[in-house]
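Trainee: I'd like to learn how to read a model like this one, feature by feature. Can you walk me through it?

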Amino acid sequence: MQKIRATQVSGVNLPLYLTMMVILALTIALHKLPLNMLGLTLMLVLLGHFFYYIGNRLPIVKSYLGGGSVFTIFAAAALAALGWIPADVVTATKTFMNENGLLDFYIAALIVGSILGMNRNLLLKAAVRFIPVSLAAMVLGFFAVGIVGWLLGVGFGHAVMFVSMPMMAGGIGAGAVPLSHIYAQGLGTNAGVMFSELIPAVTLGNVMAVIGAALIAKVGANTKYDGHGVLIPITAAEKSQPVTNLDATRIGVGMMLAFSFFLVGTILNDFVPKVHTYAFVIILV
C-alpha cells in the first residue's frame with residue numbers, strides 16, 4: 001500500500017489520481033461533463049497525463065515506439081473511435097481547441113517561449129551543424145515524396161502539399177494546425193477540411209520519426225556517436241549560467257509577452273494575408 005501511495009502521476013499520488021479518473025468517468029457516463037473550459041481542460045489533462053504515464057512504462061512502447069507521447073495519441077484516438085468518449089464531448093473538445101482559441105493560446109506560448117528560452121550561444125553553435133543537415137533532409141524529402149506522388153498518379157504538387165510539407169512542419173499543434181489555416185486561407189476553403197487531409201501524414205510521420213530515432217539511439221548506444229544526452233558540448237561558463245526560478249509573476253509576464261507577439265503577428269497578417277499569423281510570430285521572435 002505504501003508503494004502505491006508513493007507512485008505519482010505528474011506529481012499526484014496514484015490513489016488520488018485514480019479517484020479523479022473515476023469521477024471523470026462517472027461524469028462522462030452520466031453525460032454531465034461541463035462542455036466548457038473547466039470540464040474539457042480537466043478531461044484533457046487527466047487523460048493526457050495518465051496515458052503518457054502508461055506509455056512511458058510499457059516495455060516495448062517506451063523503448064522503440066515513442067513512449068508516452070505516441071501512446072497518448074493512439075490511446076486518445078482509440079477512445080474517440082470506439083465511442084467510449086461521447087460524440088458531443090469530442091465535438092466540444094474540437095471547438096474548445098480550435099474555435100475557442102486554446103490552440104492559439106498554446107501555440108503562441110510554445111513558439112515565443114521555446115525560441116526566447118534558448119541559450120543564444122548554444123543556438124548559434126547548433127545552427128552551424130543543424131541547418132545544413134536540416135536543409136538537405138528537407139530538400140531530399142520534398143523531391144522524394146513529390147516523385148513518389150507523381151509515380152502513383154496523385155500528382156507531384158499534391159503529394160508535396162499534403163504529405164511532405166505537413167511532415168516537415170513538425171507536428172500537430174505548431175505544424176498541421178497553422179498549416180491548415182495557411183492552406184485554407186490561400187485556397188479559399190475550410191481549415192477543418194485541410195486539417196483532415198494533413199493530419200494522417202503528420203501523425204504517421206511523427207510516429208515513424210520517433211520509432212526511427214529510438215532505434216538509432218539503441219543501435220548507436222555506447223559508440224563514439226552516442227552523446228549520452230548531450231547534443232553539443234558546452235563550456236564551464238555556459239554551465240554556470242544562473243537558472244531562473246519561475247513564479248506566478250514571471251509566468252504572467254511571459255504570457256503577456258507571448259500574446260503581444262501574437263497580436264503583432266495578427267496585425268501584420270491583416271496587411272499581408274498570404275503570410276499566416278504564426279509565420280509572422282516565428283519571424284518576429
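Mentor: We'll go from the whole chain to the cores, then to helix packing and a few single residues.

Mentor: Some ground rules come before that. This is a predicted model, in which local features need pLDDT of at least 70 and side-chain atom pairs count only at pLDDT 80 or more, while totals for chains, interfaces and linings use all residues. Residues are numbered from 1 along each chain as its sequence is written, and side-chain values use heavy atoms, with hydrogens and water left out.

Trainee: How many helices and strands does the protein chain have?

Mentor: Helices (H or I, at least four residues) and strands (E, at least two) are DSSP runs, numbered from the N terminus. Here the protein chain has 14 helices and 2 strands.

Trainee: And what share of the residues counts as buried?

Mentor: Buried means under 20% relative accessible area, exposed means over 50%, and partly exposed is in between, using a 1.4 Å probe and protein chains only. Of the 285 residues in the protein chain, 27% count as buried. On the surface side, the chain exposes about 18300 Å², with carbon and sulfur atoms supplying 71% of that. Those areas come from the Shrake-Rupley method with a 1.4 Å probe; for residues, only the protein chains shown count as cover.

Trainee: What about contacts between residues far apart in sequence?

Mentor: Contact means heavy atoms within 4.5 Å. Among contacts in the protein chain with a separation of 6 or more, 55% are between residues 24 or more positions apart.

Trainee: Which residues have the most contacts inside the largest nonpolar core?

Mentor: In soluble globular proteins, nonpolar side chains tend to be buried together. A nonpolar core is a set of buried Ala, Val, Leu, Ile, Met, Phe, Trp, Tyr and Cys residues joined through side-chain atoms within 4.5 Å. The largest one here has 20 residues, and Leu-24, Met-43 and Leu-47 have the most contacts inside it. The elements giving two or more residues to this core are α2 (14-29), α3 (37-55), α5 (67-81) and α6 (87-97). α3 provides the largest share, 7 residues. Zoom in on Leu-24: setting aside neighbours within four places in sequence, Leu-24 is in contact with Leu-33, Met-43, Leu-46 and Leu-47. There's also a second, separate core of 10 residues, including Ala-108, Ile-111, Val-112 and Ala-258.

Trainee: How do I read the packing of two helices, say α2 and α3?

Mentor: Axes are lines fitted to C-alpha atoms, for helices over the stretch in contact, and angles run from 0 to 180 degrees between N-to-C directions. Angles under 35 degrees count as roughly parallel, over 145 as roughly antiparallel, 65 to 115 as roughly perpendicular, and the rest as oblique. The α2 and α3 axes come within 11 Å and cross at roughly 130°, so the two helices are oblique to each other. Residues meeting across this pair include Met-21 and Ile-28 in α2, and Val-45 and Phe-50 in α3.

Trainee: Which way does α2 pass α3, left-handed or right-handed?

Mentor: A crossing is left-handed if the near helix is turned anticlockwise from the far one by less than a right angle, and right-handed if clockwise. α2 passes α3 in a left-handed crossing.

Trainee: What do α7 and α13 do with α14?

Mentor: Helix α7 (residues 102-116) and helix α14 (residues 277-284) pack at about 20°, with axes 9 Å apart, so α7 and α14 are roughly parallel. α7 passes α14 in a right-handed crossing. Helix α13 (residues 248-271) packs on α14 at about 120°, with axes 8 Å apart, so α13 and α14 are oblique. That crossing of α14 by α13 is right-handed too. In α14, Tyr-278 and Val-281 are among the residues that meet α7, and they are also among those that meet α13.

Trainee: Where does Val-70 sit, and is Val-70 buried or exposed?

Mentor: Val-70 is found in helix α5, and at 7% relative accessibility Val-70 counts as buried. Val-70 and Val-210 are 140 residues apart in sequence, with their C-alpha atoms 8.1 Å apart in space. Thr-72 is in α5 as well and counts as buried at 19%.

Trainee: Which residue has a positive phi although it is not a glycine?

Mentor: His-31, with a phi of about 60°. His-31 lies in the loop between α2 and α3 and counts as exposed at 57% relative accessibility.
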